[in-house]
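Me: I am new to this structure and would be grateful for a close look at a single part of it. Please set out the details in a connected account.

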Amino acid sequence: MVLLVVDTQRGCFNDSLYAFETVKDNIKTLIAEARANNIEVLYVQHDDGPGTDLDKETDNYEVFDEFAPMEGEKRFKKNVNSSFHPMTGLTDYLKSKNEKDIITVGVSTDYCIDATVKSGFEQGFHIIIPAYANSTYDNPYFDKETAYKYYNEFMWPVRYAQSVTVEEAIAMMRDN
C-alpha cells in the first residue's frame, strides 16, 4: 500500500477549491497516518511549462507547504493528466515494489485525479479514494461541488475505485 499525493502544488492548491479546509485537513491527516504506519508517501507534480502557473522553475510548482515531502520521499514529474503515464515512471516503480493498493489524494478531481484513477485501474492497481481528500474548481459545465460528487459518488465507485471514508482509509493503513 502507498499514499499517492497528486498535484497538491502551491499554484493549484488554494481556497478556491471545493471544501478546501476539509480537503486540506484530510490530506494532512492521511499523510501523517501513512508516515506513522510506514506507508510510503509518493508525490506527483505537474509541470505545464515555462511561463505557466505550474512552471517547474517557480514557487508555484512546489508542493503546498502543509503537505511538503520529507527527505527521501519520492517525487514523480508529469506534464500530462495521468500520474500513471509512462513518462512519470510511477507504474514501473510501483510494479517493481509489487504494490497493488494505491490510496490517491489531490487535485483536480475532474482532470488529473480522474485520469490517474482510470489509468491506475487499467494498470491493474486497486485505487482507493478517501472522501473529501480530492477537490476541484468550478468549470464551464458544472460547479465544483457537482464535479466532486459526480466523480467521487457516481463515476469512480461504479467500476474504477473503492471509495472510502478517511477513517476507513486510516484503518486500512493501520492494518497493512
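Reply: The part chosen here is a pair of helices. In this predicted model, the axis of helix α3, residues 109–122, and that of helix α4, residues 144–159, come within 11 Å and cross at roughly 5 degrees. An angle under 35 degrees counts as roughly parallel, and α3 is therefore roughly parallel to α4.

The contact can be followed residue by residue. On the α3 side stand Thr109, Asp110, Ile113, Asp114, Val117, Lys118 and Phe121. These residues of α3 meet Ala147, Tyr148, Tyr151, Asn152, Met155, Trp156 and Arg159 in α4. By residue class, the contact of α3 with α4 comprises 8 nonpolar, 2 polar and 4 charged residues.

Two further places may help to set this pair in context. One is the largest pocket, which holds about 250 Å³ of space. Its lining consists of 13 residues, and those nearest the centre of the pocket are Cys12, His46, Asp48, Leu54 and Ser108. The lining of this pocket divides into 6 nonpolar, 4 polar and 3 charged residues.

The other is Ser83, which belongs to the loop between β3 (75–78) and α2 (90–96). Ser83 counts as buried because its relative accessibility is 0%, and the cut-off for that term is under 20%. Apart from neighbours within four places in sequence, Ser83 is in contact with Leu4, Val6, Val44, Lys78, Thr88, Leu90 and Thr116. Among these partners, Thr116 leads back to α3, the helix of residues 109–122.

Notes:
Residues numbered from 1 in each chain as written. Predicted model: local features only at pLDDT ≥ 70, side-chain atom pairs only at ≥ 80, totals over all residues. Heavy atoms only, no water. Helix = DSSP H or I, 4+ residues; strand = E, 2+ residues; numbered from the N terminus. Buried < 20%, exposed > 50% of the residue type's maximum accessible area, 1.4 Å probe, protein only. Contact = heavy atoms within 4.5 Å. 1 Å grid on protein atoms, 1.4 Å probe; cavity = no way out; pocket = protein on both sides within 12 Å on 5 of 7 lines; lining within 4 Å. Points joined across faces, edges and corners; volume = space filled by probe spheres on them. Nonpolar A, V, L, I, M, F, W, Y, C, P; charged D, E, K, R; others polar. Axes fitted to C-alpha atoms, helices over the stretch in contact; angles between N-to-C directions. Parallel < 35°, antiparallel > 145°, perpendicular 65-115°, else oblique.
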